[in-house]
Amino acid sequence: MHASKWQPFVLCLFLSSLAHARKLIPPVMSGCEAIAERYTFSGCLSSIYFDPNCLCNSAPWLGTMALCVYDHTTTPSDDPDAARVDAWTHIGGWCRDPTMLSSTMSFSDVYANATRFVPPTSAMTAKPSLNVPIRLPRDKVKMAMRTVGEFNRQLGLGHVYGYYTCAIFFAFIALGCLNNLFQHCTRTRIKTMVAPKWLKTLQRVLLQPSLLPNGVHMSHASIFGLLITYPTRLESLWIVAFCTANIVLLFPSYDLFLENIYWPNNTMLQFSRYMADRAGEMSFSQLPMLYLFGGRNNLLLWMTGWSFERFIVLHKWTSRMMMFQAIVHSVAYTWHTVASDGWRVVWFYMVNDAYWMWGVLATTIGSVILVASVPNLRRGCYLLFLKLHVVFALLFTIGCWYHVRLLNDDENMLFMYASVGIWAADRVLRILFTILPGKINFTADAAIIKGTDCMRLLVDVSPTTYGAIDLSRRRPGAYVYLCVPSLGWHHANPFTVAAWHNLNDDLVHDMTTPFNKHRQGSHYGALDTPSTPISIEKRKNHEKHQITQMELLIRPQRAATRALFDDLRANGGTAMYTVQLHGGAHGHTQPILNHDVSVLVAGGIGCASTLAYLQEAVQWAKHNAKQQKRKKQHQIVFLWVIQTIEQLAWAQSTIDDCIDTVHSLSAMPVADPDAAECRAPRRVPELDIQIHVTRASLPSSSRSSTSSNTETPRPYTIHYGVRPNLDKILKGYVDTADTHARSIGIFQCGPSAMSDHVRAIAARHSVPYYEEAFDW
């Protein structure tokens, strides 16, 4: 069972709710009914809305309605009788019981019967109860039809304008889908053409930079002590359009007139009620987007190739504008009621009318959710925020549900069905993945990397196909939701998959070997301090089955990861756990490896993201070499900034494995040396690995971190005690690529300030930029 099996259905339900038009009773029916309410028929004292049983069985009332529909139905068609019959069918919206008199007689029968008993106009007098049908005053009916028509039109415009606002974000998503489709179709080919001038200008001005010239994006800014995050310039374009549309579309196209039968001689009452209705309709039309963008199992993540962080940005702004419309709806409706009936009626409704009470509850809880989502509060107590967010979201959904259900608002209930379907399916899938232990339990060897506060988890995933995704398959950009139940850690947190290790692959070294012993005599910058060995239980059928391990690098942050770190330290630094993975592998592979020159920039533990791309590039080259495929030479730049020399142990093993693999490809024999396609020099990736240790000096035992051995090309370089000049380094690679007409892309994962800096550099040089971030 996987998210992809239910998401298409729920997404189609959402789109069908957008395409569904509001079904409204024709103005002629509503206008006739509004004027008929001024009379009493057959002793029926209540209106059709509150007591349909009486009037729907009243021949005088039915006859009056039939006469009014006949006299006032205007249509450009050649068949006015058909238009009258069609308008009459809407009486079923009031009279739903098939045993009622209205359901047993046709329009023609009711009209024929009414013409027999209707008195002349001069004979109509105000009586306590009419027992015969009457012809309603023509001028009053026309004003009633105009009033009802405008009322219905405003309800319809609310939905239409709500669709317009939704279309803004979905146009943005459609562009993302097209771009992802293009990247998917070209992912097996290295791009050899430099981007045209117009595209570079677009990248420099719109696609790559942050919103403001100061480059702040991932780093939090502060306004009056309130932490805020600036979106990128491209995201800001769509967000500004979305917010502007939500505000501007509240004001146009109102027909206010003094003869309005609902609110005569008071255009402000008309305007307040129409705005309240329009804002309410627009708010509900955006509700499914709110749940869709915030869900973990989101089909659009796969369709667009965007990060979860971008969808969280859309989720935030959708929730803000949805609540803006809800608050406008509540304030305008309250003002309208106070101005027409006074505060006493408002308090009466809030205490006695369930429709009002559920609406007030939903608006209040939605506002509380918005306030609690402020970064100052959310980051201070994140786990509490997550739990309260789920509880409040459930209460908010219940409030919205009953608010429209008690109003018999079938059109807005479609939005509720789509919203509840998306939200409930996502929550149910998470619960199912938690309570099905046979499908999600994995064995993990964990160890604290010596001299650092980082933990390495090797999760054995080889024999298991989890849901529809094989976790043993290498996929850069993947992250998994993991928890350790034995430590009381039941809430799954996301962790990036740093690398995959195949224990049967002779090009991958034994992970039990300390790094310094395995790399003794290496020309690649060996460590003087070994990391803690990680023990791996050898399988008896090791030779028969491919054993794959998924590597996670985890630094303790909050209670859950801190508990794992403390337990490991209490057990001497190593232990074996049974871990649970919730929902399979998430994330999307960025097309950074499609470029001739792929620059991977990492800061600290950000190497967990860049390592997987380095490994993917090398293994893909190995695959091409085995298939005797000739590819254009691919340059991979791996630039990693760390604070201490001990942190090099986080990734040195994987880096050295990649270098060994590339060197082995150069010496790999060809199947047919005499073949023409095999006599050309073998194309192997060009690795350029630079490591900057900012808080350490060059060890006395190793004054040179590079090799003088010419048989080992391009070993990696370790720089000590200085921060890298990223502007100069990255500009050098960009200039070299431009000189040789090679495409270049930059991928970055690291601290917020570093991300903003690299993004600004990429924008300045019009270079495609990709980043991995978990700033949710």
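## R153 and its partner E150

R153 is partly exposed, at 32% relative accessibility. In this predicted model, R153 forms a salt bridge with E150, and the closest N and O atoms of the pair are 3.0 Å apart. E150, by contrast, counts as buried because its relative accessibility is 4%, and the cut-off for buried is under 20%.

Both residues belong to helix 8, where three residues, or about one turn of the helix, separate E150 from R153.

## A pair within helix 22

Let's turn to another salt bridge, the one between R569 and D566, with closest N and O atoms 3.0 Å apart. These two residues sit in helix 22 (residues 559-570); they are three residues apart, so about one helical turn lies between them.

How accessible are the two partners? R569 counts as exposed, with 52% relative accessibility, while D566 is partly exposed, with a relative accessible area of 33%.

## A link between distant parts of the chain

R135 and D71 also form a salt bridge, and here the closest N and O atoms are 2.6 Å apart. This pair connects distant parts of the chain, with the two positions 64 residues apart: R135 is in the loop between helix 7 (107-117) and helix 8 (138-185), and D71 is in helix 4 (residues 59-72).

On the accessibility side, R135 is partly exposed, with a relative accessible area of 30%. D71 is partly exposed too, at 26% relative accessibility.

## The overall count

How many salt bridges does the structure hold? There are 12, among them R135 with D71, E150 with R153 and R569 with D566.

Technical notes. Residues numbered from 1 in each chain as written. Predicted model: local features only at pLDDT ≥ 70, side-chain atom pairs only at ≥ 80, totals over all residues. Heavy atoms only, no water. Salt bridge = Lys/Arg side-chain N within 4 Å of Asp/Glu carboxyl O. Helix = DSSP H or I, 4+ residues; strand = E, 2+ residues; numbered from the N terminus. Buried < 20%, exposed > 50% of the residue type's maximum accessible area, 1.4 Å probe, protein only.
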